[in-house]
Amino acid sequence: MNKEDLYRSMRKAIVEGDKPAARQMALEAVRQGLDLNEVIDKGYVPGIQEVGDLWGKGEYFLPELITSAECMKAAMDVLQPEMTKANVKSRSLGKVVIGTVEGDIHDIGKNLVASMLQANGFEVIDLGTDVKLERFIEKAEAVGADLICLSALLTTTMANQKKFIDLLGTRGLGGKYKVLVGGAPATRKWAESIGAQGYAENAALAVREAKALVGR
Amino acid sequence: MKQTILDLVRERPVLLDGGLGSEIIARGLPQGACPEAWNTERPETIKAIHASYYEAGSDAVSTNSFGGSRIKLAAYGLEARAAELNAAAARIAREAAPAGRFVGGSIGPTGKFLKPQGELTEAELEDAFAEQAGALARGGADFLIVETQYDLREALAALRAARSAALALPVFVTLTFNAYPRGYFTLMGNGVAAVAEALEKEGASAVGANCTLDSREFVGLVAAFRQATRLPIVAQANAGRPALGTDGEVAYSQSLEEYVGFVPAIIEAGANVVGGCCGTRPEHIRKMSELIHQGNIGTRRDQ
């Protein structure tokens, strides 16, 4: 299979949620000795981007999104050990610390954003739900994060997104991290009013926003 | 024989309540606390909220048990108290209900996913919902309302469980939909026609939608349901989207007048049971009650 056909098949495997094919194509790329960073960028990432677009249009829903993200992971599970072996650094778009803010246990949206960011090439550290605001900062400092993503479903806990940004300021860390906020009650206007750098209405738009914030 | 809520549905549009969680929060539920815990800690507060809805004209209220399945309660370490908290929820509403009014036992989603997207099996879901439904029935619920479901498979599991654990009670089922160019779909991609057909086959007494969309958007959604089924249709819209002021005050994008203004169209489109969801309060219900009892909204007899 030539490179262009291989890339096309990779993209198709992700869009159609065909895990065995996604894995098979990755093995084929390794066998052919291709540049694996290029394989990811030109083969798999366009697939997950198309999935995001289909989700945004209401053609794809949560089951398709999760299946495609799993296909992406199946391919990465083949490619990443090979890259480590060959001492090739895998290109990361940046490090993201994500979680649902304290007082809130809702995680459907947060999990979707985390898996889509990961599938698109971000390194994601998911702190789970009901995460103390301090903990976001500790983790971001420890791993050298680029982005911090805060989710909240309730109007009451959404206020913690503002508190978090205030807390960053108090710690003299304002501006060090780009902060993205999301969740059912959050809006662009809310994000702006509290001084967050990013906002997204859904997981597909979160990827776009995150990429823009890291200059990609 | 005592009139049931289904008898009333055949007579005229039936009025449910508005938001409950938001009323509980307004009365000081601490952040991160379990709303259902107030069924034993602050029963008088819950009872007063129900009473305010009955006073505003609700024919039925839904109990404070939305997150009362043991799967959801586990997030607060309260799973062992599921039966107790649900029975208490129904008892409190029963105590608040004037003679001839109804108590709807609320069953919300677990917040988890069935396999393969999640870890749950249908059997686990049915066990948890059966425990909840049985307790609501014992506490005195007149009917059950499975609501805000985002997955048809979970809604069906709840419906089956409710019908087996609370044999005598009618079960209403509402899912929550988003609007797309191709129509209305749940998070999992279930469309209106498929939802209505599957729920009807599994024995739902009434079907419909709640949450997510506002009352203007509900007009089309209800019409889509009416095309798909002859069952009574339930419609509980949000008062638009919430916005949080920097002062911490929550305001919803639809005003009271705008919200209620679409209620006649929702009923005309085919809704038989109406009420409110997030952002609606007793004053919304009071206005809706005036509309319904003025009698200038016709009752459709599609059933």
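1. Let's start in chain A, with one pair of residues. V181(A) has Y199(A) as its bridge partner in β5(A). Keep in mind as you look that this is a predicted model. The two strands involved are β4 (residues 178-182) of chain A and β5(A), which run parallel to each other and pair over two bridges.

2. Now step back to the sheet around that pair. It is an open sheet of five strands in chain A, ordered β2-β1-β3-β4-β5, and its pairing is parallel. β2 and β5 (198-199) of chain A are the edge strands, each with pairing on one side only. As general background, strands of a sheet pair through backbone hydrogen bonds, in either a parallel or an antiparallel way.

3. Which strands of chain A does helix α9 (residues 203-213) lie across? They are β3, β4 and β5 of chain A, and α9(A) runs at about 165° to β4(A).

4. Staying with chain A, have a look at two helices, α2 (residues 19-31) and α3(A). Their axes come within 11 Å and cross at roughly 145°, and the crossing of α2(A) past α3(A) is right-handed. On the α2(A) side the contact uses A22(A), M25(A), A26(A), A29(A) and V30(A), while α3(A) brings L36(A), V39(A) and Y44(A). By class, the residues of this contact are eight nonpolar, with no polar and no charged ones.

5. Next, an open space in chain A. The second largest pocket holds about 1000 Å³ of space. It is lined by 42 residues, and the closest to its centre are K73(A), A114(A), S115(A), Q118(A) and A119(A). Four elements of chain A give two or more residues each to this lining: α3 (36-56), α4 (62-85), α5 (108-119) and β2 (123-126). So you'll meet α3(A) again here, as well as the edge strand β2(A). The largest share, nine residues, is from α4(A). What is the mix of classes in the lining of this pocket? There are 17 nonpolar, twelve polar and 13 charged residues.

6. Over to chain B, which has an open sheet of its own. This one has eight strands in the order β1-β12-β9-β8-β5-β4-β3-β2, with parallel pairing. The edges are β1 (14-15) and β2 (60-62) of chain B, and each of them pairs on one side only.

7. Within that sheet, try β4 (residues 143-149) and β5 (residues 171-175) of chain B, which pair in the parallel sense over four bridges. Here V146(B) is opposite V173(B) of β5(B). Helix α8 (residues 152-165) of chain B packs on the sheet and touches both β4 and β5 of chain B, with its direction at about 170° to that of β5(B).

8. Two backbone details in chain B deserve a check. T148(B), which sits in strand β4 of chain B, has a phi near 55°, a positive value in a residue that is not glycine. The other is the cis peptide bond joining K115(B) and P116(B), where omega is about 5°. P116(B) belongs to the loop between β3 (102-107) and α7 of chain B. For context, most residues other than glycine have a negative phi, and most peptide bonds are trans.

9. That loop brings us to α7 (residues 122-139) of chain B and the helix it meets, α6 (residues 82-96) of chain B. The two axes come within 7 Å and cross at roughly 35°, with α6(B) passing α7(B) in a right-handed crossing. From α6(B), the residues in contact are A82(B), A83(B), N86(B), A87(B), A90(B), R91(B) and R94(B), and they meet E131(B), Q132(B), A135(B), L136(B), R138(B) and G139(B) of α7(B). The contact is made up of six nonpolar, three polar and four charged residues.

10. Last, the closed spaces. How many cavities of 30 Å³ or more does the structure hold? There are two, and the largest has a volume of about 40 Å³. The residues lining the largest cavity are A235(B), Q236(B), A237(B), Y259(B), V263(B), I266(B), V274(B), G275(B) and M288(B). β9 (233-238), α12 (263-268) and β12 (273-276) of chain B give two or more residues each, with the largest share, three residues, from β9(B). By class, this lining has seven nonpolar, two polar and no charged residues.

Definitions and conventions. Residues are numbered from 1 along each chain as its sequence is written. Chains are lettered from A and ligands numbered from 1 in the order in which they are written. This is a predicted model: local features need pLDDT of at least 70, side-chain atom pairs count only at pLDDT 80 or more; totals for chains, interfaces and linings use all residues. Side-chain values use heavy atoms; hydrogens and water are left out. Axes are lines fitted to C-alpha atoms, for helices over the stretch in contact, and angles run from 0 to 180 degrees between N-to-C directions. A crossing is left-handed if the near helix is turned anticlockwise from the far one by less than a right angle, and right-handed if clockwise. Contact means heavy atoms within 4.5 Å. Ala, Val, Leu, Ile, Met, Phe, Trp, Tyr, Cys and Pro count as nonpolar, Asp, Glu, Lys and Arg as charged, and the others, Gly among them, as polar. Two strands pair if DSSP finds at least two bridges between them. On a 1 Å grid over the protein atoms alone, a cavity is a set of points where a 1.4 Å probe fits but cannot get out, and a pocket is an open set with protein on both sides within 12 Å along at least five of seven lines; lining residues have an atom within 4 Å of a point. Grid points are joined across faces, edges and corners, and a volume is the space filled by probe spheres set on the points.
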